[in-house]
Amino acid sequence: MQVSFLKSSAATFFFLFILNAFNSVAQTASEELNSVHGNFQIDAQYYNEDSLIGAPKVPEKMLSNAFGNIMYNKGKFSAGIRYEAYNNVMQGFNPSYKGQGIVNRFARYQDKLLDVTVGNIYDQFGMGLMFRTYYEPGLLYDNSLDGVRVISNPRNGITLKGLVGKQRSFFTVGQGIVRGVDGEVNINELFDSALVNMKTKIIIGGSFVSKNQTDNDPKLLQPENVGCYGGRLTVINGGFNFSGEYAYKMNDPSFDNGYSYKFGEALFISSSYATKGFSFLLQGKRIDNMSFRSDRDANIQNLLINYLPATTKQHTYLMPAYYPYATQINGEIGGMAEMQFKIPKDTWLGGKYGTEITLNYSHASDLKRKPFNDSLAERFFYSTAWDQIGRNFYHDFFVDISKKINKRWKFTAMYCNQFYDKALAAQITSTKLTGNIESHIGVLDITYKYKTGSAIRLETQGLFTKQDKGDWATAMIEWTPSSHWFVAVLDQYNYGNSVEKLRLHYFLASAGYTKDAHRISISYGKQRAGVFCVGGVCRNVPASNGLAISITSTF
Amino acid sequence: MKKLIILLSSVVLLASFVLSGDGDKIPSAVVKKLDGSKVNTSTFSNNGKPIIISFWATWCKPCKKELDAIAEDYDTWVKETGVKLIAISIDDARSSGKVVTDVKTKGWAYDVYIDENQDFKRAMNVNNVPFTFIVDGNGKIVYSHNSYSEGDEEKLYEAVKKIASGEKAAH
């Protein structure tokens, strides 16, 4: 490990050195656009064992995650690499991220007619129900396609895409081959003279994605090629928006679905009406057996080919995000309705700056399944019906009022009611839950700007439930004396826990410094898992107790 | 110790890019307009006037605070400097439907685009949102800033004014 680290760091060093020299030469020699850019992030944490909050003993004492991207652009050509290092990977991430190396490299030539990329590719077809490769360093989610992609615009309004490759899996690639084609037509641009100024905009698209993986199972006869196809439609007229996508997947026995031979399907619809000061959004979806991975035995977030978006609100305050919802890829039906309005300024309710109000309700339920076997009783199936709904997974209702009172004061107040099924929790958190959870949540977030560029923010939150760990109270004070510095103190108090010795305070102090595109922050204390927003940036943070440091930089 | 030396020298080399990389053009990526049509980011222009490029998301509270704060004075900014703000949403399919409802309800007068699979975000090497750039009248990126705290919009505008009058922006 030690030797390989030195080798690869030395390799990176030389790569940087050569690129740097090349860059300086190129800049003086040529007027042509020529640039090198990049970013990096280093996170390190020193861990204290804390059995009460469930923070385990960390034998290495300190763990760190780091990455750096370097991109080179010259005219129609671009290229990039990413180096990642986990020594060892931080708590809360998959331990298969071990060691370091160059995990992403690509070269691309882009022209109006032709756009070719070789190497690691991120792309999505439509909404992603059939294909999406994506990178999210905060979650260590990276399913990039290592292969070849060609994009062409043969005429105005038409985009054609084709790609083939294997997906990244930690420091290697998965077994299966993924190939896909996608076409999209913007009707208004296609018939430019007649329709380009037409009020109604129409875009249609269709995709076919297939994966190939050898069947090594001695008992089952598993399909080696699995196809997935579907179409999408977007219609926009004035304030009205409609977008829908449907996907059908052929039989694909996998670890996720218990090796069932049933087909899969997914439908996602989003429609809205919006005008100045008012909007209404309605989303619906149904997912049935839509786990689509380039390795049939993969699980969790590994080697997913597609993306199945959740139709619930992504909360950023700690307490409403305490029981987070994740799409059930084996099957769910759900939707969301949201109404937003802004009471105009200079009215009695609107005050000097206006008042913003959001009402949101989202819901998700299981599907009803009827299992059966084929005539030879060798293969397992089940059936579902579009009009039959299973038990409740989740609901979330909230109302949010945001208001700026005057130049110094502003606030956000929120009430939220949630229902959470323990089966969901089993999938996405390690907490052992004893039943369904019903909770009421309140948030009050007040900002006081005491002079230009200096502010104090107080955030108080309460979560009230009779189940799981009981009631929580949270308070945070954040002080930003100037735009460079912030200091924050957070306490989360589980005062309602039914076990007396678990009525704990989760105390966390943090501070940070930002200059331009560079940022450093440190924190000390106990952290629970969740989306954590402080000092103006939101990140996903795993549960822990200790001292953490984070450095990010873009250049 | 060796590890440390290599790490430090790499950091020094990386830092030297910072000096050489200033003043580059907007890289090429395809983003979606709110009417569904696709636009290449390398074609962003504002007739020789500066452009603010602001990366945000519907789920990012500080991003929306920043854009709300700018919206209060945006008319004046445009009148005084001719600046244009391009707001790039990095919402994926889960929340990209909310971009248009948020923008219209708030009445933001910005040019809004959706970077649904974050191609532009990656091309601009953005780590976290909010992230703000200023592009000068010659199409060169001359200023970048991560995060938002109260009053940052005033500093941003100071930089815009300097850039609009041809001075170099002091961060």
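These legends walk through close-up views of helix 2 and the neighbouring sheet in chain B of a predicted model.

Residues are numbered from 1 along each chain as its sequence is written, and chains are lettered from A in the order in which they are written. Local features need pLDDT of at least 70, side-chain atom pairs count only at pLDDT 80 or more, and totals for chains, interfaces and linings use all residues.

**View 1. Helix 2 of chain B has a kink.** This helix covers residues 61–81, 21 in number, and reaches 28 Å from first C-alpha to last, close to the 30 Å expected at 1.5 Å a residue. (Helices are DSSP runs of H or I with at least four residues, strands are runs of E with at least two, and both are numbered from the N terminus; the expected span is 1.5 Å times one less than the number of residues.) Look for Asp73(B), where the kink of about 60° is centred; the bend is the angle between axes fitted to the seven residues ending there and the seven starting there. Just past the helix, Gly82(B) takes a positive phi of about 75°.

**View 2. An open sheet of eight strands in chain B.** The strand order is 1-8-7-4-5-6-2-3, with mixed pairing (two strands pair if DSSP finds at least two bridges between them). Strand 1 (24–25) and strand 3 (38–40) are the edge strands, each pairing on one side only.

**View 3. Strands 2 and 3 of chain B run antiparallel.** Three bridges join strand 2 (residues 30–33) to strand 3. Here you can find Val30(B) opposite Asn40(B) of strand 3.
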